[in-house]
Amino acid sequence: QGVTPLLVACHQGHLEVAKLLSSYGASRAATPVGGTPEERVANRRGHADLAAWLVASRGWTPLAHLETLTAARATSLLRSGASLHEGEPTPLQRAAGGEGEAAALVRRAAAPWSPASHSL
């Protein structure tokens, strides 16, 4: 009861799985004390790198997961209306200094309309 795929990934220390689930919108609800259940589980199980990533990515929307997103997934999110300006930091802020196709697509989507950006 209350066990989610993200919580299981955190329990097992699977950072890449946690990143992937988060990029698809896996919910993390913070509690007043001690962070999210996922952060607490990762810390208790000794998965410091995972716990640190969970804290750093707390306010991200699915589009902000630029390191995990494929170009096809980023395009799908953009075409579905994903905001470049929601979350903390926003996908656009993360893409400003980011590398890779997903970051380039976010930057292109933020540019003024042109034939090059029309497909987004």
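**Exercise 1.** Does Glu67 count as buried or exposed, and at what relative accessibility?

*Solution.* The model is predicted: local features need pLDDT of at least 70 and side-chain atom pairs count only at pLDDT 80 or more, while totals for chains, interfaces and linings use all residues. Residues are numbered from 1 along each chain as its sequence is written, and side-chain values use heavy atoms, with hydrogens and water left out.
Step 1: take the cut-offs, which are under 20% relative accessible area for buried, over 50% for exposed, and partly exposed in between (1.4 Å probe, protein chains only).
Step 2: apply them; at 58% relative accessibility, Glu67 counts as exposed.

**Exercise 2.** Find the salt-bridge partner of Glu67 and say where the two residues lie.

*Solution.* Step 1: a salt bridge needs a side-chain nitrogen of Lys or Arg within 4 Å of a carboxyl oxygen of Asp or Glu.
Step 2: Arg94 meets this with Glu67, the closest N and O atoms being 2.6 Å apart.
Step 3: Arg94 lies in helix H6 and Glu67 in the loop between H4 and H5, so the pair ties together parts that are 27 residues apart in sequence. Helices here are DSSP runs (H or I, at least four residues), numbered from the N terminus.
Step 4: Arg94 is buried, at 18% relative accessibility.
Step 5: leaving aside neighbours within four places in sequence, the contacts of Arg94 (heavy atoms within 4.5 Å) include Trp60, His65 and Pro89.

**Exercise 3.** Describe the peptide bond that leads into Pro89.

*Solution.* Step 1: Pro89 is placed in the loop between H5 and H6.
Step 2: the bond from Glu88 to Pro89 is cis, with omega near -5°.
Step 3: for background, most peptide bonds are trans.

**Exercise 4.** Set out the salt bridges of Glu16 and Arg58.

*Solution.* Step 1: the structure holds three salt bridges.
Step 2: Glu16 pairs with Lys19, with 3.7 Å between the closest N and O atoms. Both are in helix H2 (residues 15-23), three residues apart, about one turn of the helix. Glu16 is exposed at 54%, whereas Lys19 is buried at 17%.
Step 3: Arg58 pairs with Glu39, with 2.7 Å between the closest N and O atoms. Arg58 lies in the loop between helix H4 (48-56) and H5 and Glu39 in helix H3 (residues 37-44), so this pair ties together parts that are 19 residues apart in sequence. Arg58 is partly exposed at 45%; Glu39 is buried at 3%.
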